[in-house]
Amino acid sequence: MNHEREVRLRSLMERNGLGALVFWRPDELVMLLGYMPHWGLSFLVVTTWDAVLYVPEMEPDDVLPAGIGIERYP
């Protein structure tokens, strides 16, 4: 994730008392991670301490972004 955007997101979360943000729209994932999901079923969960991208098992490895936690689901 772009460091500047990550800092802005976490600052926004702290100011508004949010524990997490969830992004699932492809345009949001492209903006935050530079990642375009092939199957449209991926989502990003950003908490105050971590960010994890959840992707379907069938998503190809070569399109997944580097530098972020990734969890696969069936």
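**A conversation around Tyr35 and the sheet**

Colleague: Let's start with Tyr35: is its side chain's residue buried or exposed?
Modeller: The relative accessible area of Tyr35 is 0%. Buried means under 20%, exposed over 50% and partly exposed in between, with a 1.4 Å probe and protein chains only, so Tyr35 counts as buried.

Colleague: Good. Before we go on, what sort of model is this?
Modeller: Residues are numbered from 1 along each chain as its sequence is written, and side-chain values use heavy atoms, with hydrogens and water left out. Local features need pLDDT of at least 70, side-chain atom pairs count only at pLDDT 80 or more, and totals for chains, interfaces and linings use all residues, since the model is predicted.

Colleague: Where along the chain is Tyr35 placed?
Modeller: Helices (H or I, at least four residues) and strands (E, at least two) are DSSP runs, numbered from the N terminus. By that numbering, Tyr35 has its place between helix 2 (26–33) and strand 2 (43–47), in the loop.

Colleague: Which side chains make polar contacts of 2.8 Å and 2.9 Å with that of Tyr35?
Modeller: A polar contact is a pair of N or O atoms within 3.5 Å; within protein, one must be able to donate a hydrogen and the other to accept it, and residues adjacent in sequence count only if both atoms are side-chain atoms. Both partners are also among the residues that Tyr35 touches (contact means heavy atoms within 4.5 Å), a list that includes Pro26, Leu29, Leu53 and Val63 and leaves out residues up to four places away in sequence. At 2.8 Å the partner is Ser42, and at 2.9 Å the partner is Glu59.

Colleague: Which residues touch the most other members of the largest nonpolar core?
Modeller: A nonpolar core is a set of buried Ala, Val, Leu, Ile, Met, Phe, Trp, Tyr and Cys residues joined through side-chain atoms within 4.5 Å. This one has 15 residues, and those touching the most other members are Phe23, Leu29, Leu33, Tyr35, Leu44, Val46 and Leu53.

Colleague: And which elements give two or more residues to this core?
Modeller: Both helices and strands appear in the list. The contributors are helix 1 (3–16), strand 1 (20–23), helix 2, strand 2 and strand 3 (51–56).

Colleague: In which order do the four strands of the open sheet stand?
Modeller: Two strands pair if DSSP finds at least two bridges between them. Strand 1 and strand 2 have four bridges in the antiparallel sense, and strand 2 and strand 3 are also antiparallel over four. For the sheet as a whole the pairing is mixed, and the order is 1-2-3-4.

Colleague: Which side chains of strand 1 point to the buried face?
Modeller: Side chains alternate along strand 1. Ala20, which stands opposite Thr47 in strand 2, points with Val22 to a face where they are not buried. The buried ones, on the other face, are Leu21 and Phe23.

Colleague: Which residue in strand 3 stands opposite Leu44?
Modeller: Leu33 is in contact with Leu44, and also with Met1, Leu53, Pro65 and Ile68, leaving aside neighbours within four places in sequence. Across from Leu44 in strand 3 stands Leu53.

Colleague: How many salt bridges does the structure hold?
Modeller: A salt bridge is a side-chain nitrogen of Lys or Arg within 4 Å of a carboxyl oxygen of Asp or Glu. Among them are Glu4 with Arg8 at 3.1 Å, Arg10 with Glu6 at 2.4 Å, and Asp61 with Arg72 at 2.1 Å. The total is four.

Colleague: What is the relative accessibility of Arg10, and is the residue buried or exposed?
Modeller: Arg10 and its partner Glu6 both lie in helix 1, four residues apart, about one turn of the helix. Glu6 is partly exposed at 22%, whereas Arg8, in the other helix 1 pair, is exposed at 58%. Arg10 counts as buried, because its relative accessibility is 14%.

Colleague: Last one: which residues does Trp39 contact, leaving aside neighbours within four places in sequence?
Modeller: Trp39 lies in the loop between helix 2 and strand 2. Trp39 is partly exposed, since its relative accessible area is 46%. The contacts of Trp39 are Pro56, Met58 and Glu59.
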